[in-house]
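Here are my notes on the model, set out as numbered points for someone who has not looked at it before. Please read them with the structure open.

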Amino acid sequence: MSSIGMSRDYDAIVLGGGAPGEHCAGALAEGGLRVAVVERDLVGGECSYWACIPSKTLLRPGEAVHGAREAAATARVDIEAALAWRDFMVSDYSDAGQERWLAGKGIDLLRGSGRLTGPGMVEIDGMRYSAEHVVATGSDPIFPSVPGLRGLEGPSGGGLASQRGWHRSRGA
Ligand SMILES: Cc1cc2nc3c(=O)[nH]c(=O)nc-3n(C[C@H](O)[C@H](O)[C@H](O)COP(=O)(O)OP(=O)(O)OC[C@H]3O[C@@H](n4cnc5c(N)ncnc54)[C@H](O)[C@@H]3O)c2cc1C
């Protein structure tokens, strides 16, 4: 599909809208390229909804309580409030903000599961798109040998930070 003169839908298609995919697409668009991001779930990926952000948000109340107790004060974690704060920090699992960010950069968001069907060709739920370059982003986590970890909800072990029952039952 790289023949000279052939018109393509995009200069670049980024498969996977996790944080690295978004940054990659943003940089390409800023460089003047016509870019599309393919995402089958939430734009922002694991880090935004199931890993970095919710895990740090849930660690902070415990740290603050610990700090208060070290200073001879009394404090305890309000679990309901901590979970509500976590939900706020992950935008209630909505990627509407990321959708707006992509649109603001002139990047098309192609929702669905992407599949490479040839050089520069991506198929998304039966629709075919062509591009000069296809960038596949996204990585798979390595799971430590903790019994039951693989079965947890969410794209990876990051599901730990997005589970409601798990944290409630263990007092966060
Ligand atoms: C609990 C936890 C805490 C973490 N904390 C930190 C931290 O503080 N700092 C840090 O730097 N890292 C942290 N990480 C690691 C970080 O979350 C990952 O390194 C990062 O999210 C990986 O990004 P990625 O783009 O490779 O994958 P992802 O974020 O998973 O993005 C890939 C995206 O591609 C989409 N996708 C995949 N295949 C297709 C397809 N065929 N078609 C369409 N879409 C597709 C997926 O739906 C997904 O949205 C943490 C991880 C965990 C589990």
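1. Among contacts between residues at least 6 apart in sequence, 59% join residues at least 24 apart. This is a predicted model, and the contact figure, like the others below, is computed from it.

2. On overall make-up, the chain has six helices and six strands. Their order along the sequence is β-α-β-α-α-α-α-β-β-β-β-α. A run of four helices therefore sits between the second strand and the last four strands, as the pattern is written with helices and strands taken as DSSP runs numbered from the N terminus.

3. On burial and surface, the chain has 172 residues, and 33% of them are buried. About 10100 Å² of the chain is exposed. Carbon and sulfur atoms supply 55% of that area.

4. The largest pocket holds about 740 Å³ of space. Its lining is made up of 27 residues. Which of them lie nearest the centre of the pocket? They are E39, R40, T137, G138 and S139. The elements that each give two or more residues to the lining are α1 (19-30), β2 (35-39) and α2 (45-49). Of the elements, α2 gives the largest share, with three residues.

5. The lining of the largest pocket can also be sorted by class. It has 12 polar residues and 10 nonpolar ones, and a further five are charged.

6. T137, one of the residues nearest the pocket centre, belongs to the loop between β6 (127-136) and α6 (164-169). Is T137 buried, partly exposed or exposed? Its relative accessibility is 22%, and buried would require under 20%, so T137 counts as partly exposed. In sequence T137 and G17 are 120 residues apart, yet their C-alpha atoms are 7.8 Å apart in space. Not counting residues up to four places away in sequence, T137 touches V14, L15, G16 and G21.

7. The structure holds one disulfide. Which two cysteines form it? They are C47 and C52, with their sulfur atoms 2.2 Å apart. A disulfide is a covalent bond between the sulfur atoms of two cysteines. The link of C47 and C52 is left-handed, with -125 degrees about the S-S bond.

8. Both cysteines of the disulfide can be placed by accessibility. C47 has a relative accessible area of 27%, and C52 has 32%. Buried means under 20% and exposed means over 50%, so C47 and C52 are each partly exposed. Another cysteine, C24, has a relative accessibility of 22% and also counts as partly exposed.

9. S48 lies in helix α2, the element with the largest share of the pocket lining. What does S48 contact, leaving aside its neighbours within four places in sequence? The contacts are with I53, P54 and V90. The C-alpha atoms of S48 and M89 are separated by 8.7 Å, and the two residues are 41 apart along the chain.

10. S91 is also paired with S48 by distance. The two residues are 43 apart along the chain, and their C-alpha atoms are separated by 9.0 Å. S91 is located in the loop between α4 and α5. With a relative accessibility of 42%, S91 counts as partly exposed.

11. Two backbone angles deserve a look. Most residues other than glycine have a negative phi. A72 has a positive phi, near 65 degrees, and is a residue other than glycine. It is found in the loop between α3 (52-70) and α4 (79-89). A72 has a relative accessible area of 76%, which is over 50%, so A72 is exposed.

12. The second angle belongs to Y93. Although Y93 is not a glycine, its phi is positive, at about 55 degrees. Y93 sits in the loop between α4 and α5 (96-104), where S91 is also found. The relative accessible area of Y93 is 26%, so Y93 is partly exposed.

Methods: Residues are numbered from 1 along each chain as its sequence is written. This is a predicted model: local features need pLDDT of at least 70, side-chain atom pairs count only at pLDDT 80 or more; totals for chains, interfaces and linings use all residues. Side-chain values use heavy atoms; hydrogens and water are left out. On a 1 Å grid over the protein atoms alone, a cavity is a set of points where a 1.4 Å probe fits but cannot get out, and a pocket is an open set with protein on both sides within 12 Å along at least five of seven lines; lining residues have an atom within 4 Å of a point. Grid points are joined across faces, edges and corners, and a volume is the space filled by probe spheres set on the points. Ala, Val, Leu, Ile, Met, Phe, Trp, Tyr, Cys and Pro count as nonpolar, Asp, Glu, Lys and Arg as charged, and the others, Gly among them, as polar. Buried means under 20% relative accessible area, exposed over 50%, partly exposed in between (1.4 Å probe, protein chains only). Contact means heavy atoms within 4.5 Å. Accessible areas come from the Shrake-Rupley method with a 1.4 Å probe; for residues, only the protein chains shown count as cover. A disulfide is a pair of cysteine sulfur atoms within 2.5 Å.
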